[in-house]
Amino acid sequence: MFLLLGNIRYGLLQRFGGVIYLFSLIVLSLVFIPGVGLIINGSRSWAQIFGLSFQPSEFIKLAVIVILAKLLSESDNLKDWKNGLLPILAMLSPAVLLIAAQPDVGTLSILVVIIFAMLYLADTPKIYLVILGLVGVACFALMIMVSSPDSYRVKRLTTFMHPELDHQGQGYQINQAHLAVGSGGVWGLGLGHSRQKFQYLPEVQADSIFAVVAEEMGFLVTSSVVLLIAFLGLRGFKIAKGAPDQFGRLLGAGIMIWFVWQSFLNIGTIIGLLPLTGVPLPFISHGGSAMLIGLA
C-alpha cells in the first residue's frame with residue numbers, strides 16, 4: 001500500500017474521495033452484523049470475514065481525512081453556517097456515529113481532533129468552532145451521565161482518576177504499565193529483558209508497546225521515540241505547507257494530525273496522562289490494519 005499510493009498522484013484521492021468514504025462506511029458497518037463483527041473488551045471494533053480479522057475503524061480515519069480535505073477545498077464559503085459548514089458536518093456524521101456506537105472512544109477522539117484541526121486550518125470562523133466544541137463536551141458529558149456505574153465508559157474514567165482502587169480489575173493494565181515504565185529507569189533493563197511482557201502486561205504487542213520499550217530501553221530511548229514522532233510531524237507539516245493546492249495542504253496536515261495525536265494518545269494513556277483508550281502506536285505497535293493504513 002505504501003509503494004502503491006506513493007506512486008499515485010494524490011489528486012486521484014480528491015476525484016474518488018466520495019467513493020473511498022462510502023466504501024469505508026460500508027466496511028465500518030460490518031462490525032454490527034452478527035457473525036461478522038467481533039466484541040472484544042466490550043467494543044465492536046473488529047470484523048472477521050473468511051477467517052481474516054481486521055479493524056474497520058483504521059480505514060475510516062484516512063477516509064475521513066480524504067473526504068474532509070475534498071469538501072473543505074471545494075467549499076465556496078465556510079462562513080455560511082447553513083449552506084457551507086452544516087452540509088460538511090452532515091456528511092461526516094455517519095462515521096462519527098458509527099464509531100460512537102461501537103463504542104470506540106479512542107478512535108472517536110482521533111476523528112474529533114482531526115475534524116476540528118482541519119476545520120481550523122481551512123479558516124472556519126472561530127465562533128463556529130467554539131460552538132461545536134461546546135456541543136461536543138455536552139455530548140460527552142451526556143454519554144457519561146446516561147451510562148450505568150458498571151459501564152465501559154464510566155469504569156475507564158474512574159480507573160483513570162483512581163487507578164489504585166482496582167489493581168486486579170479495570171486498573172490492572174494501567175498499573176502494570178506504570179510498573180513497566182518505572183522499572184526501566186534511565187537506561188532500561190536491556191533489549192528483550194522486559195519482565196512485564198510475560199503475561200503481566202496486557203496487549204504488549206499493540207496498545208502497551210510503549211511501556212515495554214520504556215522498561216527495556218529506558219528513559220533516554222523512549223524520549224528519542226517521542227522526538228522522532230515530533231520530527232515526523234514537523235516534516236509532514238512542512239510538506240503539507242508546500243503543497244500546490246488547498247486539497248494537498250489539508251490532506252497532508254490531516255494525516256500528520258492523525259499520526260501525532262494518536263501517538264500522544266497512546267503514550268499519554270501508558271504514563272497516566274489520559275484515560276486508557278486502546279489505540280495503537282503508529283508504526284511501532286504490531287497490527288495488520290493499523291500498519292497497512294498507516295503506510296498507505
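Contact here means heavy atoms within 4.5 Å. With that in hand, welcome to a quick tour of this predicted model. By that yardstick, Leu 119 touches Leu 72, Leu 85, Leu 89, Thr 124, Leu 129 and Leu 132, leaving out residues up to four places away in sequence. Leu 119 is also among the residues with the most contacts inside the largest nonpolar core, so the cores come up next, followed by two helix pairs and one buried isoleucine.

**Nonpolar cores**

- The largest nonpolar core has 42 residues, and those with the most contacts inside it are Tyr 21, Ile 60, Val 64, Leu 72, Met 118, Leu 119 and Trp 258.
- Two or more residues of this core come from each of α3 (17–29), α4 (56–74), α5 (81–101), α6 (105–121), α7 (126–146) and α11 (246–270).
- Helix α4 gives the largest share of this core, with eleven residues.
- Another core, of 13 residues, lies apart from it and includes Ala 177, Leu 201, Phe 210 and Val 225.

**Helices α6 and α11**

- The angle between α6 and α11 is about 140°, and their axes are 9 Å apart.
- The crossing of α6 with α11 is right-handed.
- On the α6 side, the contact is made by Gly 106, Ser 109, Ile 110, Val 113, Ile 114, Ala 117, Met 118 and Leu 121.
- On the α11 side, the contact is made by Leu 250, Ala 253, Gly 254, Ile 257, Trp 258, Trp 261, Gln 262 and Leu 265.
- Sorted by class, this contact of α6 with α11 has twelve nonpolar residues, four polar ones and no charged ones.

**Helices α9 and α10**

- Helix α9 (residues 172–184) packs with helix α10 (residues 209–241) at an angle of about 20°, their axes being 6 Å apart.
- Angles under 35 degrees count as roughly parallel, so α9 and α10 are roughly parallel to each other.
- Their crossing, α9 with α10, is left-handed.
- Helix α9 brings Ala 177, Ala 180, Val 181, Ser 183 and Gly 184 to the contact, while α10 brings Ala 211, Ala 214, Glu 215 and Gly 218.
- By class, the contact of α9 with α10 has five nonpolar, three polar and one charged residues.

**A closer look at Ile 270**

- Ile 270 lies in helix α11.
- Its relative accessibility is 2%, so Ile 270 counts as buried.
- Neighbours within four places in sequence aside, Ile 270 is in contact with Ile 174, Ala 177, His 178, Val 181, Asp 207, Ser 208, Phe 210 and Ala 211.
- From C-alpha to C-alpha, Ile 270 and Val 113 are 20 Å apart in space, and 157 residues separate them in sequence.

Notes:
Residues are numbered from 1 along each chain as its sequence is written. This is a predicted model: local features need pLDDT of at least 70, side-chain atom pairs count only at pLDDT 80 or more; totals for chains, interfaces and linings use all residues. Side-chain values use heavy atoms; hydrogens and water are left out. Axes are lines fitted to C-alpha atoms, for helices over the stretch in contact, and angles run from 0 to 180 degrees between N-to-C directions. Helices (H or I, at least four residues) and strands (E, at least two) are DSSP runs, numbered from the N terminus. Angles under 35 degrees count as roughly parallel, over 145 as roughly antiparallel, 65 to 115 as roughly perpendicular and the rest as oblique. A crossing is left-handed if the near helix is turned anticlockwise from the far one by less than a right angle, and right-handed if clockwise. Ala, Val, Leu, Ile, Met, Phe, Trp, Tyr, Cys and Pro count as nonpolar, Asp, Glu, Lys and Arg as charged, and the others, Gly among them, as polar. A nonpolar core is a set of buried Ala, Val, Leu, Ile, Met, Phe, Trp, Tyr and Cys residues joined through side-chain atoms within 4.5 Å. Buried means under 20% relative accessible area, exposed over 50%, partly exposed in between (1.4 Å probe, protein chains only).
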